[in-house]
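Q: Hi! Could we walk through this one together?
A: Sure, here it comes.

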Amino acid sequence: ALPISLSVDLDIGFSSEMPRLRRLLLPTLSALLLATFAAVATGENAKLGAQECADLGFTQDLRCSTCTRLKEFLPSGEQKGAADSAKLVSECQSCCQSAGDEVFQKALLYVCPWQIDSDQDMQDFVQRKAEHFKNLEVRKRDGVRPSLIFIREGETEQDATERVNIRGWKSDEIRDFVAMKLGVAAPKSS
C-alpha cells in the first residue's frame, strides 16, 4: 500500500453556498481521484479504444483468455525481457474482450480414419494428445471433415451450436484450442 495524501482546493470564488458545496463535493472528488490513482498505481487496465488497439496490433476479436495464455509463455520475474512481456500482456488485457471465453463441458472430435493416416498433425493429436483430455471424445467416421463440436452443460450433440472445422490445423493448435474451450491446462508437448 502506498501512503497517499490528497488535497483538493475548490476555491471558485462565488456564492455564499460555496463552503457547503465544498463540504459536499470534496469527499466525492477525493474518492474519485484516489480511485483513479489506485487504478494506475496497481496496474489495472483501462480498456483502450478500437483504433488504439489496432495501432498496437490487436483486433477487436481478441479474447482475454488469449492474453492469459500469452502470459504463460512469456518471460516473467527476473528473466530477461520480463518488463517488455509485462507491458505486452498489459496492452493485450487493455484490448481484449471477455465475451466468447465460454468454457464447455465436453468436446467431440470427428475425424476420418484416412485423415489420421495421411495428416501427420492429426495423427499426432489423436494418438498422443487427445487422451490427455478427459472430456474429449474422438469419433472416427469415414469421409467426415475433421471438426470439433463443443457441448455445453445440459446440451446434447444434436443441440450443440459450437462447431469448428479444424482441417489443416497443427497438432499443438488443436491441443491449445481444446484446452481453452474446455477450461483446462494444455498438456505439455512430448
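**Disulfides and a helix pair**

A: C67 is buried, with a relative accessible area of 0% (buried means under 20%, exposed over 50% and partly exposed in between, using a 1.4 Å probe and protein chains only). This is a predicted model, where local features need pLDDT of at least 70, side-chain atom pairs count only at pLDDT 80 or more, and totals for chains, interfaces and linings use all residues. Residues are numbered from 1 along each chain as its sequence is written, and side-chain values use heavy atoms, leaving out hydrogens and water.

Q: Cool, what does a disulfide join C67 to?
A: To C92, with S to S 1.9 Å; a disulfide here is a pair of cysteine sulfur atoms within 2.5 Å. C67 lies in helix α3 and C92 in helix α4, so the link ties together parts that are 25 residues apart in sequence. Helices are DSSP runs of H or I with at least four residues, and strands are runs of E with at least two, numbered from the N terminus.

Q: Is that link left-handed or right-handed?
A: Left-handed, with -85 degrees about the S-S bond.

Q: And how many disulfides does the count come to?
A: It comes to 3 disulfides, in the pattern 1-5, 2-6, 3-4, with bonded cysteines counted along the chain.

Q: New topic: at what angle do α6 and α7 pack?
A: About 50 degrees, with their axes 8 Å apart. The axes are lines fitted to C-alpha atoms, for helices over the stretch in contact, and angles run from 0 to 180 degrees between N-to-C directions.
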